[in-house]
Amino acid sequence: MWWMMGEAGGHYCSKKTDDICGGVCSQEPGRFFSFSRLCCALRGVDMRTYIFLLVIVPTCVLAGYVHGQKISYFLRPLWESPPKPFHDIPHYYHENASMETLCKLHGWGVREYPRRVYDAVLFSNELDILAVRWRELFPYITQFVLLESNTTFTGLPKPLVFAAHRDEFKFIESRLTYGTVGGRFVKGQNPFYEEAYQRVALDQLLRIAGITDDDLLLMSDVDEIPSRHTINLLRWCDEVPKILHLRLKNYLYSFEFLVDNKSWRASVHRYETGKTRYAHYRQSDEILADAGWHCSFCFRRISEFIFKMKAYSHNDRVRFGHFLNPKRVQRVICKGADLFDMLPEEYTFKEIIGKMGPIPHSFSAVHLPSYLLENADKYRFLLPGNCIRDSE
């Protein structure tokens with residue numbers, strides 16, 4: 001028996017436990033019983049085990065809490081295979097080459113007249129990058145279609161930013177179809193449901209804009225900007241694929257930080273009534289190389305960075321409150337590091353390791369949107385060597 005009633009004083013004690021625990025007894029039965037069990041449980045445990053239990057285990061738990069997302073991203077190649085490769089179509093272009101020559105080089109015929117082109121976007125608050133986009137595409141777009149909601153994908157209320165700044169875009173007013181939609185986000189719902197709802201609403205707005213069969217429809221986010229010569233090529237060439245993804249140079253924060261050439265979600269569709277649906281995922285295996293630029297988180301103000309971090313569909317990446325600290329955000333931008341302290345989303349260990357750490361600085365401003373260079377003073381924050389952002 002591990003314990004017995006003392007003969008005097010009525011206290012609980014145990015000779016065996018007394019020996020193990022240095023003769024410590026208690027006048028309080030409950031306390032002594034718990035203490036004696038603990039002593040016996042730890043009997044024979046050496047110092048290394050104590051260190052493991054009291055130092056290493058808590059440290060591992062804390063590291064898992066703080067860096068769990070990093071660990072899961074690093075181990076991604078163990079359980080997820082890379083997607084099926086695209087069929088890359090070489091992209092030929094020179095400003096002095098005829099359209100007939102360019103279409104022939106791509107294996108396409110040339111049309112007698114160009115197709116109409118519709119550019120449709122969901123808009124949140126990206127005024128600067130929207131101006132760069134529309135100026136780049138302006139010569140070749142039949143109708144600009146923009147849908148704006150009074151909430152973010154995550155349900156945060158927001159003003160109708162474009163409506164308040166519509167006068168700044170008078171140059172496309174005669175070709176603009178603008179619509180608004182009320183957010184329907186429900187707390188606890190996946191933000192991608194709200195995003196999908198708004199894309200369905202954009203389908204309806206396109207029909208109002210007058211899109212018809214065989215018109216070209218450009219599906220891309222505001223910050224995914226096809227080059228104007230790419231759109232001109234596709235509107236003049238015959239026999240282009242019905243759905244063609246566009247491979248864009250992938251930048252972060254500005255055109256100083258070139259991540260890779262793997263942005264692929266932008267796509268151009270030959271519209272089919274009742275079949276074409278506005279979407280932002282992979283819809284074909286065909287992709288046209290070097291077709292433009294994707295400038296993600298390319299904002300003028302720190303407040304815009306913080307708003308997007310809380311507002312877009314991946315807001316779960318804001319794991320800690322200090323991620324939204326303005327001073328931290330500014331440091332991360334100038335360093336070319338990740339705002340969410342995440343590892344690259346790649347499918348092989350080689351690619352993950354190769355992209356770990358800050359993005360190397362690029363000092364090339366060659367082959368960027370012409371409007372950006374023509375208005376360099378206004379958009380200097382998007383050019384190399386200008387990482388400091390406005391605080392408000």
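Guide: Let us begin with the words for chain elements: helices (H or I, at least four residues) and strands (E, at least two) are runs assigned by DSSP and numbered from the N terminus. What you see is a predicted model, in which local features need pLDDT of at least 70 and side-chain atom pairs count only at pLDDT 80 or more, whereas totals for chains, interfaces and linings use all residues. Residues are numbered from 1 along each chain as its sequence is written, and side-chain values use heavy atoms, with hydrogens and water left out.

Visitor: Where is Asp 214 found, and why is it called partly exposed?

Guide: Asp 214 sits in the loop between helix H8 (191-209) and strand S8 (216-219). A residue is buried under 20% relative accessible area, exposed over 50%, and partly exposed in between (1.4 Å probe, protein chains only). Asp 214 has a relative accessible area of 29%, and therefore it belongs to the partly exposed class. Its phi deserves a look as well, for the angle is positive, about 75°, although Asp 214 is not a glycine.

Visitor: What makes Asp 341 partly exposed rather than buried, and what is its phi?

Guide: Asp 341 has a relative accessibility of 29%, which lies between the two limits, so it counts as partly exposed. Its phi is near 55°, a positive value in a residue other than glycine, and its place is in the loop between H11 and H12.

Visitor: How do you know that Met 342 is buried?

Guide: Met 342 has a relative accessible area of 11%, and because this is under the limit for a buried residue, the word applies. Met 342 lies in the loop between helix H11 (326-335) and H12. Its C-alpha atom is separated by 9.8 Å from that of Gly 357, which is 15 residues away along the chain.

Visitor: What makes helix H6 mostly covered?

Guide: Helix H6 (residues 127-137) has eleven residues, and ten of them are buried. Among these buried residues are Leu 127, Asp 128, Ile 129, Trp 134 and Leu 137, and Arg 133 is also one of them.

Visitor: Why are Arg 133 and Asp 119 called a salt bridge?

Guide: A salt bridge is a side-chain nitrogen of Lys or Arg within 4 Å of a carboxyl oxygen of Asp or Glu. In this pair the closest N and O atoms are 2.6 Å apart, so the condition is met. The two residues link distant parts of the chain, with Arg 133 in helix H6 and Asp 119 in strand S5, 14 residues apart. Arg 133 has 0% relative accessibility and so counts as buried, and Asp 119, also at 0%, is therefore buried too. Elsewhere, salt bridges that share partners join Arg 111, Arg 115, Asp 214, Asp 238 and Arg 270 into one network.

Visitor: How do you know that Arg 115 and Asp 238 form a salt bridge, and which parts does the pair tie together?

Guide: Their side chains meet at 3.5 Å, N to O, and because this is within the cut-off, the pair is counted. Arg 115 is in the loop between strand S4 (109-110) and strand S5 (117-123), while Asp 238 is in strand S10 (residues 237-238), so the pair ties together parts that are 123 residues apart in sequence. Arg 115 is buried, with a relative accessible area of 5%, whereas Asp 238, at 29% relative accessibility, counts as partly exposed.

Visitor: What makes Arg 247 and Asp 88 a salt bridge, and how many salt bridges are there by this rule?

Guide: The rule gives 24 salt bridges. The side chains of Arg 247 and Asp 88 meet at 2.8 Å, N to O, so this pair qualifies. Arg 247 lies in the loop between strand S11 (243-246) and strand S12 (248-252), and Asp 88 in strand S3 (residues 87-89), so the bridge ties together parts 159 residues apart in sequence. At 17% relative accessibility Arg 247 counts as buried, while Asp 88, at 35%, counts as partly exposed.

Visitor: Which residues form a nonpolar patch on the surface?

Guide: They are Ile 71, Leu 75, Leu 78, Trp 79, Phe 349, Ile 353 and Met 356, with about 700 Å² of accessible area together (Shrake-Rupley method, 1.4 Å probe; for residues, only the protein chains shown count as cover). Patch residues have over 30% relative accessible area and no salt bridge; like charges are joined within 9 Å, and nonpolar side chains (Val, Leu, Ile, Met, Phe, Trp, Tyr) within 5 Å. Met 356 has 41% relative accessibility, so it clears the patch threshold and counts as partly exposed. Helix H4 (76-79) and helix H12 (349-355) each supply at least two residues of the patch, while Met 356 is in the loop between H12 and helix H13 (370-374).
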